[in-house]
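Q: Please take me through one part of this structure up close, the surface that meets one of the nucleic acid strands. I'm a first-year student, and I'd like each term explained as it comes up.

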There are 2 protein chains.
Amino acid sequence: MTSAELESVTGCSSHTIRRDISYLGGDFSSGAGYGVAALRKAIETALGLDRRRKCCIVGLGRLGSALLNFSGFAEEGFDLVAGFDASVNRVEILSSTVPLYPNYKLSEVIGRLGIEIALLCVPAAVAQTATEKLINARIKGIVNFAPTALVVPAGISVQDVYVVDELRALAAKLSSAESLQ
Amino acid sequence: MTSAELESVTGCSSHTIRRDISYLGGDFSSGAGYGVAALRKAIETALGLDRRRKCCIVGLGRLGSALLNFSGFAEEGFDLVAGFDASVNRVEILSSTVPLYPNYKLSEVIGRLGIEIALLCVPAAVAQTATEKLINARIKGIVNFAPTALVVPAGISVQDVYVVDELRALAAKLSSAESLQ
DNA sequence: TTTTGTGAAGCGCTTCACAGCT
DNA sequence: AGCTGTGAAGCGCTTCACAAAA
């Protein structure tokens, strides 16, 4: 794939594509474009995505169980190895290929399985409490789907996912398009 | 709120905060900090977020119905006015304060209500087809939750939300932290 | 000839430093 | 005294232009 083709796929200029790839240091031969597989591997290595990480879902409501059923994690290097919910009943009722546990086993399971990342899908009202339990369990990173800003100590990474922010970004694009008539 | 306080809340430097706010042109008096309400209004005006937009959810599976139950859209200027699903049965069973419709009414309802934004929550396999129906219905923007790249004509904005990207961003942060010991 | 890789220039965001306002 | 607003400098990403490689 040539840098011009990558430009049309990604929207980034071919200049930027070429310079960025050159920083990866993978040896791509001039004349032909880039090999997609080799390129992907080089990017993964550069970003430190070249090893698998274990994940869990905390909160098995509609969002949590939607994620539980998503089958695309494994092929991207993320192993979904546990789901947790406060309701023992829900844990027993939900059928899943991923083992489910009641909340009181959270710390034990995270420690035993070596889970590094939690997908936090609990209601906003209990998100901070759940976060603190995760931190006590030595979680390393949290993808936060709760519409609340989490308070975490330095050394813990949080990645917020908030629909309203996406809507705002979209609305801002629409407005700027509208203002050019 | 002073620029120093905003720095500690947002992580952006007070220098950047002050310069960015100065571009907004809202007249904030030196000496005291910024009024939060006035600041918010100035940002909304600058980004074109100072009017309401109507939204709909397409696909009422677990993710779609999770969004349907989220009550935070209205206070941010987004009116969720319709939900659509291919299954007439599901449309009838789900209880919601938002009116639900079977898919074949999509174009009519979007036109009649003046819906501008769709939250696309259908399975990946039918995402492109659904997108084309939305475009025929003159939708302006799509928040895409399906794990697929949508092909859209120029003039339609798409905002992708993909969990794996969030996991990758988190894993990259963890790796770079690990590499400093 | 096509396409990469890279010095050099361009450009914009960030930071510094401080005048000016309250 | 404290904080904002802003020229000026700094810094890094982007783009240009072209030599080197296949």
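A: **The surface near DNA strand D**

Two helices, α2 (14-24) of chain A and α2 (14-24) of chain B, each supply at least two residues of the surface near DNA strand D. Here "near" means that one of a residue's heavy atoms lies within 4 Å of the strand. Helices (H or I, at least four residues) and strands (E, at least two) are DSSP runs, numbered from the N terminus.

Before going on, a word on what you're looking at: this is a predicted model, where local features need pLDDT of at least 70 and side-chain atom pairs count only at pLDDT 80 or more, while totals for chains, interfaces and linings use all residues, and side-chain values use heavy atoms, with hydrogens and water left out. Residues are numbered from 1 along each chain as its sequence is written, and chains are lettered from A and ligands numbered from 1 in the order in which they are written.

Back to DNA strand D. It has 18 residues around it, and A:S13, A:R19, B:S3, B:R19 and B:G31 come nearest. Of the strand's atoms that come within 4 Å of the protein, 52% belong to sugar and phosphate. The largest share of this surface is from α2(A), which gives four residues. Sorted by class, the surface has three nonpolar, eleven polar and four charged residues. For that sorting, Ala, Val, Leu, Ile, Met, Phe, Trp, Tyr, Cys and Pro count as nonpolar, Asp, Glu, Lys and Arg as charged, and the others, Gly among them, as polar.

Now zoom in on some atom pairs. A polar contact is a pair of N or O atoms within 3.5 Å; within protein, one must be able to donate a hydrogen and the other to accept it, and residues adjacent in sequence count only if both atoms are side-chain atoms. The side chain of A:R19 has an N or O atom 2.8 Å from a base oxygen of DNA strand D. B:S3 goes for a phosphate oxygen instead, with a polar side-chain atom 2.7 Å away. B:F28 uses its backbone: a polar atom there is 3.0 Å from a phosphate oxygen of the strand.

A look at DNA strand C helps put this in context. There, 17 residues surround the strand, and the closest are A:S3, A:R19, A:G31, B:S13 and B:R19. Sugar and phosphate make up 53% of the atoms of DNA strand C that come within 4 Å of the protein. A:R19 turns up again, with a side-chain N or O atom 2.4 Å from a base oxygen of DNA strand C. B:R19 puts a polar side-chain atom 2.8 Å from a base oxygen of that strand, and B:R18 has one 3.4 Å from a base nitrogen. The elements giving two or more residues to this surface are α2 of chain A together with α2 of chain B. This time α2(B) gives the most, with four residues. By class, the surface near DNA strand C divides into three nonpolar, ten polar and four charged residues.

Finally, the two chains that supply these helices also touch each other: 46 residues of chain A are in contact (heavy atoms within 4.5 Å) with 46 residues of chain B.
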